Amino acid sequence: QAFMILCDWLLILSHQDSNNNEEAVGLLGYLPSTSLQEKLLLFIQEHVFMEEEEESKEEEEKKDESCKLDDLHNKRSLLAAYCKLIVYNVVEMTAAAEIYKYYVKTYNDFGDIIKETLSKTRHNNKIQSAKTLILCLQQVFQSHAESQGSRSGVDFSSASFTNMKELARRFSLTFGWDQVKSRESVAMIHKEGIEFAFHGATGVGGKCLPPNLSFLLIISEFSNKLLKPDKR
């Protein structure tokens, strides 16, 4: 309840017109600091996403259907309240990257909320929204690489790599079929992705492969959206 009230309060403050309201000028200092933004995100991760992963099967079986539905409704309300803060620029748009990671995994429960957040942020700022998508994929890729170990290389057949490609594919689908409309965003995703893939490519005598090279397989999911001049 406190979290919901805080989200509503921050939303109200963000809509104050400081030009016509002297009191509002003093209130602008209450917009979330970096520390508060981190706490808000941590709350969502712990109360919406993590519990779902950690809950044991026995506990799940004990719950009746009405309890499960109530839990889901509460989680959806929390997530929607937080996503509103992202959409209305109350918190940094990059925070959405942490939400987008769960798009495929929690699609049945929260897919509509996450997709709507993606759509609204894209409407607000196409380039920044696309940067958030590529940031999300980079973070997921780095987590995957760390779990695989630095020497073992990337296991393309692993479930986590397959899930990563599926996440990229779903992101790609959100751009629709109008290639001209999404041209700048898709081109920028490729530029950022290629830079990331070849980051740290300074090997002895050029023989060392860039550690993130397999990220090219992830961004290739967007390549069918590229216009021919941009492919060049």
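**A walk through a helical protein**

Let us start at asparagine 89, which is found in the loop between helix 5 (65-87) and helix 6 (96-100). In this predicted model, the phi angle of asparagine 89 is near 60°, a positive value in a residue other than glycine. Asparagine 89 counts as exposed because its relative accessibility is 55%.

From that loop, we can step back to the whole chain. The protein has 12 helices and zero strands, so its pattern along the sequence reads α-α-α-α-α-α-α-α-α-α-α-α. Of the 232 residues in the protein, 35% are buried. The accessible surface comes to about 14,200 Å², and carbon and sulfur atoms account for 52% of that area. Contacts also reach along the chain: among those between residues at least 6 apart in sequence, 71% join residues at least 24 apart.

Now let us go inside. In soluble globular proteins, nonpolar side chains tend to be buried together. Here, the largest nonpolar core has 53 residues. The residues with the most contacts inside this core are Ile44, Leu79, Tyr82, Leu85, Ile99, Phe171 and Phe215. Take isoleucine 99 as a guide: leaving aside neighbours within four places in sequence, isoleucine 99 is in contact with Leu41, Ile44, Phe49, Leu79, Tyr82, Cys83, Ile86 and Ile114.

One of those partners, Cys83, leads to the next topic. Which cysteine sulfur is closest to that of cysteine 83? The closest belongs to cysteine 7, at 9.8 Å, and this is too far for a bond because a disulfide needs sulfur atoms within 2.5 Å. A search of the whole structure finds zero disulfides. Cysteine 7, accordingly, is in no disulfide. Both cysteines are away from the surface: cysteine 83 is buried, with a relative accessible area of 3%, and cysteine 7 counts as buried at 2%.

Charged side chains offer another set of landmarks. The whole structure holds eight salt bridges. One of them joins glutamate 98 and lysine 101, with an N to O distance of 3.1 Å. The two partners differ in their cover: glutamate 98 counts as buried at 18% relative accessibility, whereas lysine 101 is partly exposed at 24%.

Helix 9 (residues 159-173) holds a linked group. There, arginine 169 and glutamate 166 lie three residues apart, about one turn of the helix, and their side chains meet in a salt bridge of 3.0 Å, N to O. Glutamate 166 also meets arginine 170 in a salt bridge, at 2.8 Å, N to O. That second pair lies four residues apart in helix 9, again about one turn. Together, Glu166, Arg169 and Arg170 are linked in a network of salt bridges. Glutamate 166 is partly exposed at 22% relative accessible area, as is arginine 169 at 35%.

Our last stop takes in helix 10 (residues 183-197), where isoleucine 194 is found. Isoleucine 194 counts as partly exposed because its relative accessibility is 41%. Together with Phe198 and Leu216, Ile194 makes a nonpolar surface patch of about 240 Å². Asparagine 212 lies in the loop between helix 10 and helix 11 (215-219). Is asparagine 212 buried or exposed? At 12% relative accessibility, asparagine 212 counts as buried. Leaving aside neighbours within four places in sequence, asparagine 212 is in contact with Phe141, Phe196, Ala197 and His199.

Technical notes: Residues numbered from 1 in each chain as written. Predicted model: local features only at pLDDT ≥ 70, side-chain atom pairs only at ≥ 80, totals over all residues. Heavy atoms only, no water. Patch = residues over 30% accessible without salt bridge, like charges linked within 9 Å, V, L, I, M, F, W, Y side chains within 5 Å. Areas by Shrake-Rupley, 256 points an atom, 1.4 Å probe, with all protein chains shown as cover. Salt bridge = Lys/Arg side-chain N within 4 Å of Asp/Glu carboxyl O. Helix = DSSP H or I, 4+ residues; strand = E, 2+ residues; numbered from the N terminus. Buried < 20%, exposed > 50% of the residue type's maximum accessible area, 1.4 Å probe, protein only. Core = buried A, V, L, I, M, F, W, Y, C linked by side-chain atoms within 4.5 Å. Contact = heavy atoms within 4.5 Å.
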